[in-house]
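Hi everyone, thanks for making time this morning. I'd like to walk you through a structure, starting with the overall layout and then stopping at a few residues.

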Amino acid sequence: MQSKQDKIANLERNNSLIQQMLLDNKDKIVGYIRVSKYEDNEKEIQRQENAIIDFCKRFNVDCKHIYIDNGFSGLDFNRPGIKEILNKKEKMVLIMFSIGRLTRSYELMQDFIKSTNISVISINDGFIINKC
């Protein structure tokens with residue numbers, strides 16, 4: 001498991017890649033928030049939203065929309081926000097607090113990577129999928 005310092009260092013090493021991804025797709029940047037039904041949802045939504053907005057400010061870009069799935073499991077994609085993102089079938093950069101917000105399933109993550117044209121930046125994990 002990576003320490004917080006390792007995660008920050010990973011993002012720092014990838015600053016130029018992230019900057020290029022965001023600048024090349026500045027009209028296609030969206031955020032995604034998911035909270036389960038077991039968390040202090042409003043507080044957690046605000047925390048994730050602030051992280052996404054601050055991240056975009058750091059790179060001088062705007063997040064065009066933030067999709068929120070409140071009270072949903074990360075074990076499948078049966079969520080309104082993620083369904084809307086997937087139904088768009090367009091190139092975009094999806095920013096989230098951590099990769100676990102997208103899915104907790106390795107198989108779903110593989111399917112997501114193979115079947116979409118969506119780049120992903122996971123702020124807390126330093127995880128990047130570049131499809132730009």
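What follows is a short tour of the fold, its cores, one helix and a handful of individual residues.

Before anything else, please keep in mind that this is a predicted model.

Let's begin with the layout. The protein chain has 5 helices and 5 strands. If you read along the sequence, the order is α-α-β-α-β-α-β-α-β-β. There are 132 residues in the protein chain, and 45% of them count as buried. Now, how far apart in sequence are the residues that touch? Taking contacts between residues at least 6 apart in sequence, 70% join residues at least 24 apart. As for the outside, the chain exposes about 7400 Å², and carbon and sulfur atoms supply 48% of that area.

Next, the inside. The largest nonpolar core has 19 residues, and the ones with the most contacts inside it are Leu22, Ile29, Phe55, Val93, Ile95 and Ile121. Which elements give two or more residues to this core? They are α2, β1, α3 and β3. Helix α3 supplies the largest share, with 5 residues. Apart from this core lies another one, of 17 residues, and among them are Tyr32, Ile82, Met92 and Ile129.

Let me stay with isoleucine 29 for a moment, one of those core residues with the most contacts. Leaving aside neighbours within four places in sequence, isoleucine 29 is in contact with Leu22, Cys56, Val61, Asp62, Cys63, Lys64, His65, Val93 and Ile95. Pick out histidine 65 from that list: this residue is found in strand β2. The two residues are 36 apart along the chain, yet their C-alpha atoms are separated by 7.6 Å. Looking from the histidine's side, and again setting aside neighbours within four places, histidine 65 is in contact with Ile29, Val30 and Gly31. Is histidine 65 buried, partly exposed or exposed? Its relative accessible area is 40%, so histidine 65 is partly exposed.

Now to helix α4, which covers residues 80–88. Its buried residues are Gly81, Ile82 and Ile85. They cover an arc of only 95 degrees around the axis, so they sit on the same side of α4. What do they pack against? The buried residues of α4 pack against β1, β2, β3 and β4. And Ile82, as you heard, is one of the residues in the 17-residue core.

Right after α4 comes lysine 89, in the loop between α4 and β3. Lysine 89 has a positive phi of about 50 degrees although it is not a glycine. To put that in context, most residues other than glycine have a negative phi. Lysine 89 is also exposed, with a relative accessible area of 73%.

There is another residue to mention here, asparagine 60. Its phi is near 55 degrees, again a positive value in a residue other than glycine. Asparagine 60 sits in the loop between α3 and β2. With a relative accessibility of 70%, asparagine 60 counts as exposed.

Another asparagine is worth a look: asparagine 25, in the loop between α2 and β1. Is this one buried or exposed? Asparagine 25 has a relative accessible area of 2%, and because the cut-off for buried is under 20%, it counts as buried. What does its side chain have for company? A polar atom of the asparagine 25 side chain lies 2.8 Å from the backbone oxygen of methionine 21.

My last stop is charge pairing. How many salt bridges does a search of the whole structure find? The search finds 1. The partners are glutamate 44 and arginine 47, with their closest N and O atoms 2.8 Å apart. Both lie in helix α3, residues 41–58, and they are 3 residues apart, about one turn of the helix. Glutamate 44 is buried, with a relative accessible area of 15%, whereas arginine 47 is partly exposed at 42%.

To recap, then: we have a predicted model with 5 helices and 5 strands, a largest nonpolar core of 19 residues, and 1 salt bridge, which joins glutamate 44 to arginine 47. Thanks for listening, and I'm happy to go back to any of these residues on the screen.

Note on methods:
Residues numbered from 1 in each chain as written. Predicted model: local features only at pLDDT ≥ 70, side-chain atom pairs only at ≥ 80, totals over all residues. Heavy atoms only, no water. Helix = DSSP H or I, 4+ residues; strand = E, 2+ residues; numbered from the N terminus. Buried < 20%, exposed > 50% of the residue type's maximum accessible area, 1.4 Å probe, protein only. Polar contact = N/O pair within 3.5 Å; in protein donor to acceptor, adjacent residues only side chain to side chain. Salt bridge = Lys/Arg side-chain N within 4 Å of Asp/Glu carboxyl O. Arc of directions from axis to C-beta. Contact = heavy atoms within 4.5 Å. Core = buried A, V, L, I, M, F, W, Y, C linked by side-chain atoms within 4.5 Å. Areas by Shrake-Rupley, 256 points an atom, 1.4 Å probe, with all protein chains shown as cover.
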